[in-house]
Amino acid sequence: MADQPALPFRVLRASLRAASRASASVVERVLRNGVATTSATGPEAKARAAGPLEVVFDGKPAPARYGATLLETAQLAGLDLRSYCGGNCSCGTCRVVIVSGAAQLSRPEPMEQLVLGMDAERRGDRLACQAQVRGRVEVTIPEFF
Ligand code: FES
């Protein structure tokens, strides 16, 4: 077996310094923005640049953060939205009726579809603890179901 040439220490040290600088810049970006972003031009970046979002609950507007759930948004606005399982996608009490802007929410995951049931899912209802806000949405909180 032939001997491999040893990597010169000088080259190794320069590589480690470059890697360290790259990591430091990622950490700086995360600390500054709160999240690591890989692209400044994707749909998420455009939505963030568009400014604060709004969710209208039963006609009352509430400020929303991109990616927050409808439940988090309602709770921050001081609205009474049932959530017996604490947002764990198991009770279904946080079900809301989407009046407009359904496309501005994250897609329902299989567990949400299971908890909602076929009828509610077909109507376009969502679990507030699972639906993440990505634009302006208007919802109704049902009195009972
Ligand atoms: S809070 Fe229980 S399913 Fe959403």
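Let's start with Cys 94, which sits in the loop between α3 and β3 (95-100). This is a predicted model, and Cys 94 makes a handy way into it. Is Cys 94 buried or exposed? It counts as buried, because 25 C-beta neighbours lie inside 10 Å and the cut-off for burial is 20 or more. Leaving out residues up to four places away in sequence, Cys 94 touches Leu 71, Leu 81, Arg 82, Ser 83, Leu 127, Ala 128 and Cys 129.

**The chain as a whole**

Stepping back, the chain has 5 helices and 5 strands. Walk along the sequence and you meet them in the pattern α-α-β-β-α-β-α-α-β-β. The chain has 145 residues, and 19% of them are buried. Take the contacts between residues at least 6 apart in sequence: 62% of these join residues at least 24 apart.

**The sheet**

How are the strands ordered in the sheet? The 5 strands line up as β2-β1-β5-β3-β4, making an open sheet with mixed pairing. β2 (60-64) and β4 (126-127) are at the edges; each has a single partner strand, so one side of each has no neighbour in the sheet. As a rule, strands of a sheet pair through backbone hydrogen bonds, in either a parallel or an antiparallel way.

Both kinds turn up here. β1 and β5 are parallel and share 3 bridges, with Phe 57 partnered by Val 139 of β5. β3 and β5 also share 3 bridges, but in the antiparallel sense; here Ile 98 stands opposite Val 139 in β5. So Val 139 is a good residue to look up, because the sheet order puts β5 between β1 and β3. Over at the edge, β3 and β4 run antiparallel, joined by 2 bridges, and Arg 95 has Leu 127 of β4 as its bridge partner.

**The core**

In general, nonpolar side chains of soluble globular proteins tend to be buried together. In this model, the largest nonpolar core has 20 residues. Which residues have the most contacts inside it? They are Val 55, Leu 70, Leu 71, Leu 127, Ala 128 and Val 133. Helices and strands both contribute: β1 (53-57), α3 (70-76), α4 (110-116) and β5 (137-140) each supply at least two residues of this core.

Leu 127 is worth a closer look. Apart from neighbours within four places in sequence, Leu 127 is in contact with Cys 89, Gly 92, Cys 94, Arg 95, Glu 112, Val 115 and Leu 116.

**Loop residues**

Cys 94 has some company in the loops. Arg 134 lies in the loop between β4 and β5, and it counts as buried because it has 20 C-beta neighbours inside 10 Å. Here are two pairs that involve these loop residues:

| Pair | Apart in sequence | C-alpha to C-alpha |
|---|---|---|
| Cys 94 and Leu 116 | 22 residues | 9.9 Å |
| Arg 134 and Gly 101 | 33 residues | 9.4 Å |

Now for some backbone oddities. Most residues other than glycine have a negative phi. Asp 58, in the loop between β1 and β2, instead has a positive phi near 50 degrees. It is partly exposed, with 13 other C-beta atoms within 10 Å. Cys 89 is not a glycine either, yet its phi is positive at about 60 degrees. Cys 89 lies in the loop between α3 and β3 and is partly exposed, with 16 other C-beta atoms within 10 Å.

Definitions and conventions:
Residues numbered from 1 in each chain as written. Predicted model: local features only at pLDDT ≥ 70, side-chain atom pairs only at ≥ 80, totals over all residues. Core = buried A, V, L, I, M, F, W, Y, C linked by C-beta atoms within 7 Å. Buried ≥ 20, exposed ≤ 12 C-beta atoms within 10 Å, placed from the backbone. Helix = DSSP H or I, 4+ residues; strand = E, 2+ residues; numbered from the N terminus. Contact = placed C-beta atoms within 7 Å. Pairing = 2+ DSSP bridges.
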